[in-house]
Amino acid sequence: MAAFGTVFMPQMALSRFDGSGWSEAEMVASDSISLHPGAHVLHYSSTCFEGLKAFKQPDGSIKLFRMDKNVERFAQSSELLSLPAIDKQATAKMITDIVALYADEVPAPPGSMYVRPTHFGIDPAIGKAAAPSETSLQYVLLSPVGEYFSSEGGGLRLLLDETGMRCAPHNGMIKSGGNYASALRPIMQARDKYKADQVLFCPGGYAQETGAANFLLIDDGEVITKALDESFLHGVTRDSILTLAKDMGMKVSERELSVEEILERAAKPSCEAALSGTAAVLAPVGTFIHNDKEYQVADGNEGPVTKQLRQAMNDLQWGLAEDKHGWLFDV
């Protein structure tokens, strides 16, 4: 397939907030939005988005994975950015309606239909640097995608950065484009200097998140990850993986995880590290880079627990395992 997220369905669902209420959603061409050059989003980054997937089931039906959780986070991001409040029920209907329209285009596993709801301010007012947009636009875009990550080439390379952070701490739990933009420069520098795939931001010496995913350390039957706070994104995949780990009888510890502990554990044959996110589910980490030195995680390849957890997630999403938690939604 084409590069992940570069092919789109010809139509998307769209709705506008005029300052008093939301318009009825309509299906419009997905390659065209008209914006005033002074739109709030273009100058003051009043924008948030979501990422979820629809999966083809063995009987040919289509299921959305944890749509309720994504819509809740979408509403929260909008609120924290002082955007107009979304109508969660209407947004959920926009998602199901557009996915239903293109149900026949949902790829078979391991492919899926990536769903990208987006919300941003459209007030034509460049004097509103310290004021929110009173009008906004919301749309739901679809992209058929294949498998995001192949572990055949070994695990990812992560630079451990103790000096920077992904974004402003009070904005961390917002899924906003500005947070991704602020992480891009250190990621590119890490690629150029160390051939790193990502940066694991560790402000104050404690692991937080990478530029685009949550971080998990797995060792001796335990999954360790940072406890939720407002400084980083509350990943839906992270929550799902931790739940599945508990189902398997594993210990889950949400706590501070120091760089020192990460590197100490990485030397153990039983240690595994992974990044969790909607696109990759779980991507294994094979190497840490810290203070110009490389530290291999166990043998540098995907570990058995990482593989088991990702398979459990895939089996549930693909309709091959019982949906014990009610995570699949009909289209």
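Helices here are DSSP runs of H or I with at least four residues, strands are E runs of at least two, and both are numbered from the N terminus. What you have open is a predicted model, in which local features need pLDDT of at least 70 and side-chain atom pairs count only at pLDDT 80 or more, while totals for chains, interfaces and linings use all residues. Residue numbers start from 1 along each chain as its sequence is written, and side-chain values use heavy atoms, with hydrogens and water left out.

**Stop 1: backbone oddities**

Start by selecting Pro110, in the loop between helix H3 (88-101) and strand E6 (112-121). Show the backbone and look at the link from Pro109 to Pro110: that peptide bond is cis, with omega near 10°.

Next, select Ser45, which sits in the loop between helix H1 (40-44) and strand E3. Its phi is near 55°, a positive value in a residue other than glycine. Ser45 has 41% relative accessibility, so it counts as partly exposed. On this scale, buried means under 20% relative accessible area, exposed means over 50%, and partly exposed is in between (1.4 Å probe, protein chains only).

Then jump to Ala298, in the loop between strand E16 (293-296) and helix H7. Ala298 is not a glycine either, yet its phi is positive, at about 50°. Its relative accessible area is 24%, which makes it partly exposed. Why pause at these spots? Because most residues other than glycine have a negative phi, and most peptide bonds are trans.

**Stop 2: Glu50**

Select Glu50, in the loop between strand E3 (47-49) and strand E4 (52-56). Is Glu50 buried or exposed? Glu50 is buried, with a relative accessible area of 0%. Now add Asn70: the side chains of Glu50 and Asn70 are joined by a polar contact of 2.7 Å. (A polar contact is a pair of N or O atoms within 3.5 Å; within protein, one must be able to donate a hydrogen and the other to accept it, and residues adjacent in sequence count only if both atoms are side-chain atoms.)

To see the rest of the surroundings, add Arg73, Phe74, Val115, Arg116, Pro117 and Lys175, which Glu50 touches along with Asn70, not counting residues up to four places away in sequence. Contact here means heavy atoms within 4.5 Å.

**Stop 3: salt bridges**

A search of the whole structure turns up 18 salt bridges, each being a side-chain nitrogen of Lys or Arg within 4 Å of a carboxyl oxygen of Asp or Glu. Here are some to click on.

- Lys128 and Glu134: their side chains meet at 3.9 Å, N to O. Lys128 is buried, with a relative accessible area of 18%, whereas Glu134, at 55%, counts as exposed.
- Glu209 and Arg166: the closest N and O atoms are 3.4 Å apart. Glu209 is in strand E10 (residues 209-210) and Arg166 in the loop between strand E8 (156-161) and helix H4 (177-194), so this pair ties together parts that are 43 residues apart in sequence. Both Glu209 and Arg166 are buried.
- Glu261 and Arg255: this bridge is 2.7 Å, N to O. Glu261 is buried at 18% relative accessible area, and Arg255 is partly exposed at 28%. Keep both selected and add Asp219, Arg265 and Lys268, since salt bridges that share partners join these residues with Arg255 and Glu261 into one network.

**Stop 4: helix H5 and its surroundings**

Select Leu242 in helix H5. With 4% relative accessibility, Leu242 counts as buried. Leaving aside neighbours within four places in sequence, Leu242 is in contact with Leu216, Val223, Thr225, Val252 and Glu254. The C-alpha atoms of Leu242 and Glu254 are separated by 9.5 Å, with the two residues 12 apart along the chain.

Now bring up helix H5 (residues 236-247) together with helix H7 (residues 304-317): they pack at an angle of about 105°, with their axes 10 Å apart. The axes are lines fitted to C-alpha atoms, for helices over the stretch in contact, and angles run from 0 to 180 degrees between N-to-C directions. H5 and H7 are therefore roughly perpendicular to each other, a label that covers 65 to 115 degrees (under 35 is roughly parallel, over 145 roughly antiparallel, and the rest oblique). For the contact itself, pick Thr237, Ser240, Ile241, Leu244 and Ala245 on H5, and Leu309, Ala312, Met313 and Leu316 on H7.
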